[in-house]
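Biologist: I would like a close look at a single part of this chain, the last helix described here, together with its surroundings. Please set out which side of it faces inward and what it packs against, and then place it in the wider model.

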Amino acid sequence: MEVKIEDGWKNSLQERFEEDFFKRLSSFVQNEYQDQLVFPPSSEVFNAFQLCPLESVKVVILGQDPYHGLGQAHGLSFSVKAGVPFPPSLRNILKEIQTDVGMEMPPDGDLTRWAKQGVFLLNATLTVRANQAGSHQNKGWELFTDHVIRVINSHRTNVVFMLWGSYAQKKAELIDSERHLILKAPHPSPLSAYRGFMGCRHFSQANQYLEEKGIAPIKW
């Protein structure tokens, strides 16, 4: 598996790439791409790292699995490319932004525009088989992405971590709440969005925190 990532990330993660678990993971993923239909396309697995350099990270939004439907996943958590219908969780995120900060519903669900402003859109697992949610869990990705969170925690200050749902909230133990802001809410999926995600106002809270720290806010 070829790892194309921005230099700041590369330098901070190089030791992990050389560890046995990552070599096993890389071998597993390469075989899956050869034998199965896997998402996102192999060239987009590390998109979040390419689009949002380590030194630019202002906000982290943590997902679990990439989308497993055709043409959806492109390496950014919750995001889909232009022309792809909004998945339900993304629609709820955009609705919350609409009510929270008054942004109109965008014409597409491509969150590249956020990534380029410093929003790091990380899934805990970076690949998945088509139509098989969770199929690449517990293969080593979580070890890698937990380390990514630790790198952000130690290398950056005043980052906003948005942890939605119980899975993401467990990652709070990797984050120093003295150095960063941790925001928690239920997951934006239709099953739980109305138990507290809608109305959580994370997007205005994030911008208020960034501005208080002298950091340019995000144009959501």
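Modeller: The account below begins with the helix and then turns to the domain, the largest pocket and the aromatic pairs.

The model is predicted. The helix in question is H8, residues 202-212. Its buried residues are His 202, Phe 203, Ala 206, Asn 207, Tyr 209 and Leu 210. These residues span an arc of only 160° around the axis, which means that they lie on the same side of H8. The general background is that an α-helix has 3.6 residues a turn, so residues three or four places apart point the same way. On the other side of H8 are Glu 211 and Glu 212, both of which are exposed.

What do the buried residues of H8 pack against? Their partners are three strands and two helices: strand S2 (59-63), strand S5 (160-164) and strand S6 (181-185), with helix H4 (88-101) and helix H5 (112-115). After H8 comes Gly 214, which has a positive phi, near 80°.

As to the wider setting, an unreviewed UniProt entry carries the annotation "domain: Uracil-DNA glycosylase-like" for residues 50-210. Within residues 50-210 the chain is 30% helix and 14% strand, and 23 Å separates the end C-alpha atoms.

Two of the elements packed against H8, S2 and H4, also appear at the largest pocket, where each supplies at least two residues of the lining. The same holds for H3, strand S3 (119-123) and helix H7 (165-169). H7 gives the most, with four residues. The space in this pocket is about 590 Å³. There are 34 lining residues, and those closest to the centre of the pocket are Gln 64, Asp 65, Pro 66, Tyr 67 and His 187.

H3 also takes part in the aromatic contacts, of which the model has 19 pairs. In one of them Trp 9 and Phe 49 meet edge-to-face, at 5.1 Å centre to centre and with 75° between the planes. Trp 9 belongs to helix H1 (residues 7-17) and Phe 49 to helix H3 (residues 47-51), so this pair ties together parts that are 40 residues apart in sequence. Trp 9 and Phe 49 are both buried. Ring pairs join them to a cluster that also includes Phe 17, Phe 21, Phe 22, Phe 46, Phe 120, Trp 141 and Phe 144.

Conventions: Residues are numbered from 1 along each chain as its sequence is written. This is a predicted model: local features need pLDDT of at least 70, side-chain atom pairs count only at pLDDT 80 or more; totals for chains, interfaces and linings use all residues. Side-chain values use heavy atoms; hydrogens and water are left out. UniProt positions are given in the numbering used here, feature names are shortened, and annotations may be inferred rather than shown by experiment. Rings of Phe, Tyr and Trp (its six-membered ring) pair if their centres lie within 6.5 Å; planes under 30 degrees apart count as stacked, over 60 as edge-to-face and the rest as tilted. Buried means under 20% relative accessible area, exposed over 50%, partly exposed in between (1.4 Å probe, protein chains only). The arc is that of the directions from the helix axis to the C-beta atoms. Contact means heavy atoms within 4.5 Å. On a 1 Å grid over the protein atoms alone, a cavity is a set of points where a 1.4 Å probe fits but cannot get out, and a pocket is an open set with protein on both sides within 12 Å along at least five of seven lines; lining residues have an atom within 4 Å of a point. Grid points are joined across faces, edges and corners, and a volume is the space filled by probe spheres set on the points.
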